[in-house]
Every structure is written in C-alpha cells, then in structure tokens.
Amino acid sequence: MRNLLFFIISLLPGLAEAQSIVYTKADSIKVMQLLGNAPKKASANEYMIHFGKALQGVPYVGKTLENNTKEKLVVNLRELDCTTFTENVLALSLCMRDGKKSFKAFTDYLRRIRYNKGYVSYPSRLHYFTSWIDANSKQDFVAEVVAAQAPFTATKTLNVNFMSQHCDLYPALVRDKAMVDSIRTAEKALTGKSFPYIPKSALNQHSLLKKYIHTGDIIVIITNKEGLDTSHIGIASWHSDGTLHLLNASQIHKKVIDEPMTLYRYMQKHPSQIGIRVVSPL
C-alpha cells in the first residue's frame, strides 16, 4: 500500500510464535486523538456512541484484515467494515472504561476482542459473530440482552458452515487449506446452538424496544442465508423523534454513517435479514 509505514510490535512474549501488529503512524495518532478528546466520565454506552460518531465519514472498505500472508493484528481506522468499526469502537470504549489511554492498551483490547483468548492466528479470529459474542461476554467486555418475552419472540438455531463450504472466498484458506479443518471445528461447535432474537417485524414498536435497546448497544443483524449466523453489525442510535437507527460502516453508503432510515425500514429492504440480537457494552 502506497505511503504505508509499518510498525511491528511483538506481543505475548513466551509464545512459540511472536504475535505482531500492523498499523500506520496515522492510525496511532488517530487513536490517541480519539482517546484524548473523549469525555473523562461517561457510561459504556455513551462511550460507544461517542466514538462511533467520531468515526463518521471514514470510508467503508471490506477485507482490510486479509492483506497479509501471515495473520497479524491489523489496526486500521482509515478504512472500516461493519465488524472492524464495531471492534475499534469497543476497544476505544474499554480504554476509557479502565482508564488506560495508551496506544498499547488500545491494541491489547483490540487483540482480545478480535481473537479467541487473544491469540493472533487466522483460525483463532472470531469469524462468526456468535463466537465473538460468546468470547467477549466471557471477558466482561459485553453482555447479550435477552428476555423470555416480547420483543424477543423468535428463536434461531444455528447451522453454521459457510466458511468451510466457500473456502474460495477467503484468501487465507486458499493459501493454506490445512486451516479449513480448524474452521470446520469452530463451525461444529456453533451448530445446534439457539438464541432468542427480535424479529424485524417488531422493530417499529419503538416504545417497547426502548426498554431493551439503548443508544450505544451493539445491534447484530440475523440472516437466513444458508451457513451463516449474522450478516451485518452496527451501533444502536435513538433519534430525537423516538425512532431507532443504525450507526454503522455501510457498504451501501460507502462510509461510516448514522443510517437516515429507521432500522425497521432499513431491514424491510433486505429480505435475508430476519431480526436482531442486542449486545450491551460493559
């Protein structure tokens, strides 16, 4: 990549294989600016919406984690997709929560958010967002919002196999077919799991939704596409008119944007999207 300055920092000393970070000087400066300009005292949700809105306008670029022949922790706040947007915002929020306003602290949180047990390898990356929720809940970074009542009236039972069935879509699996077995093992661990969710038909019940969804929560969009669990992720944004919107890295708008359409209208335009899970930052 043109004019790219790579900085490599070894992490996790004592591991057989050193972990490393790839970033630009602009990324480290941006992180420090964001942390320096954040409110000194705020709730986890307030930090999530603050940092999410601070990244508005950043271009949407997919597959920014796939540019290295060997898996590395990629820090890239210049180009975001829906998952890396959410991960970066959560990492920034955790820095503020714990009073650790350094670039090193940010990269440590990002590594732990993105990878199972913080170990940087392609198979350890939390590719399926259900795995992401489980791993980050165990670290007390997030907690899923669930209720045995409306609006959580639908249940999804997973049958996950998309990555192992479509290896050609993933450069790392094309390069190293031996990793497919590890991916398949992770998929089998998810298959059969069930969780309640809010069907998209209920997303216009704003007075009810406000009891369970708060600005700054992570909205996880459930899909009926074969082999997948989710298709899009963003941050809940309640507008002054009392309607729920999605702050997200949008492939449609080609940038991070607080979607002008309500979440209800947005999801009606996507037939494969069937509902949402709600995950709160801690």
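**Entry 1: a word I need**

A residue counts as buried when its relative accessible area is under 20%. With that in hand I turned to helix H5 in this predicted model. I listed the buried residues of H5: Phe129, Thr130, Ser131, Trp132, Ile133, Ala135 and Asn136. That makes seven of its ten residues, so H5 is largely enclosed by the rest of the structure. Just after H5, I came across Asp140, which takes a positive phi of about 60 degrees.

**Entry 2: how far to trust the model**

I looked up the confidence next. The mean pLDDT of the protein is 93, and 93% of its residues reach 70 or more. Residues 1-18 are where I slow down, since their pLDDT is below 50. In the model this stretch still has 32 contacts beyond its near neighbours in sequence.

**Entry 3: helix H4**

Is H4 mostly covered or mostly open? I found nine of its twelve residues buried, so "mostly covered" it is, by the under-20% cut-off. H4 runs over residues 103-114 and reaches 16 Å from its first C-alpha to its last, close to the 16 Å expected. Among its buried residues I noted two aromatic-looking entries to find on screen, Phe103 and Tyr109, and also Arg111 and Arg114.

Which elements do the buried residues of H4 pack against? My list reads: strand S1 (21-22), helix H1 (25-37), strand S2 (73-74), helix H3 (82-97) and helix H5 (129-138). So my helix from the first entry turns up again here, because H5 is on that list.

**Entry 4: the largest pocket**

I went looking for open space. A probe the size of a water molecule, rolled over the atoms, shows where empty space is left. The largest pocket has a volume of about 1,200 Å³. It is lined by 40 residues, and the closest to its centre are Tyr60, Asp81, Cys82, Thr83 and Ser231. H3, H5, helix H6 (162-165), strand S7 (230-238) and strand S8 (244-250) each supply at least two residues of this lining. I sorted the lining by class and got 18 nonpolar, 14 polar and eight charged residues.

**Entry 5: the second largest pocket**

About 440 Å³ of space lies in this one. Its lining has 21 residues, with Asn116, Leu126, Ser131, Ala135 and Ala186 nearest the centre. Ser131 and Ala135 are also on my list of buried residues of H5. Which element gives the most to this lining? Helix H8 does, with six residues. By class I wrote down nine nonpolar, six polar and six charged.

**Entry 6: a closed space**

How many cavities of 30 Å³ or more does the structure hold? I found one, with a volume of about 30 Å³. Its lining includes Thr64, Leu65, Asn88 and Arg114. Arg114 was already in my notes as a buried residue of H4. The classes here are four nonpolar, four polar and two charged.

**Entry 7: Asp258**

My last stop was Asp258, in strand S9 (residues 255-258). Why does Asp258 count as buried? Its relative accessibility is 14%, and the cut-off is under 20%. Beyond its neighbours within four places in sequence, Asp258 is in contact with Lys53, Gln56, Ser237, His239, His245, Leu246 and Leu247. I checked His239 in particular: it sits 19 residues from Asp258 in sequence, and the two are 9.9 Å apart in space, C-alpha to C-alpha.

Technical notes:
Residues are numbered from 1 along each chain as its sequence is written. This is a predicted model: local features need pLDDT of at least 70, side-chain atom pairs count only at pLDDT 80 or more; totals for chains, interfaces and linings use all residues. Side-chain values use heavy atoms; hydrogens and water are left out. pLDDT is the predictor's confidence in each residue, from 0 to 100. Contact means heavy atoms within 4.5 Å. Helices (H or I, at least four residues) and strands (E, at least two) are DSSP runs, numbered from the N terminus. The expected span of a helix is 1.5 Å times one less than its number of residues. Buried means under 20% relative accessible area, exposed over 50%, partly exposed in between (1.4 Å probe, protein chains only). On a 1 Å grid over the protein atoms alone, a cavity is a set of points where a 1.4 Å probe fits but cannot get out, and a pocket is an open set with protein on both sides within 12 Å along at least five of seven lines; lining residues have an atom within 4 Å of a point. Grid points are joined across faces, edges and corners, and a volume is the space filled by probe spheres set on the points. Ala, Val, Leu, Ile, Met, Phe, Trp, Tyr, Cys and Pro count as nonpolar, Asp, Glu, Lys and Arg as charged, and the others, Gly among them, as polar.
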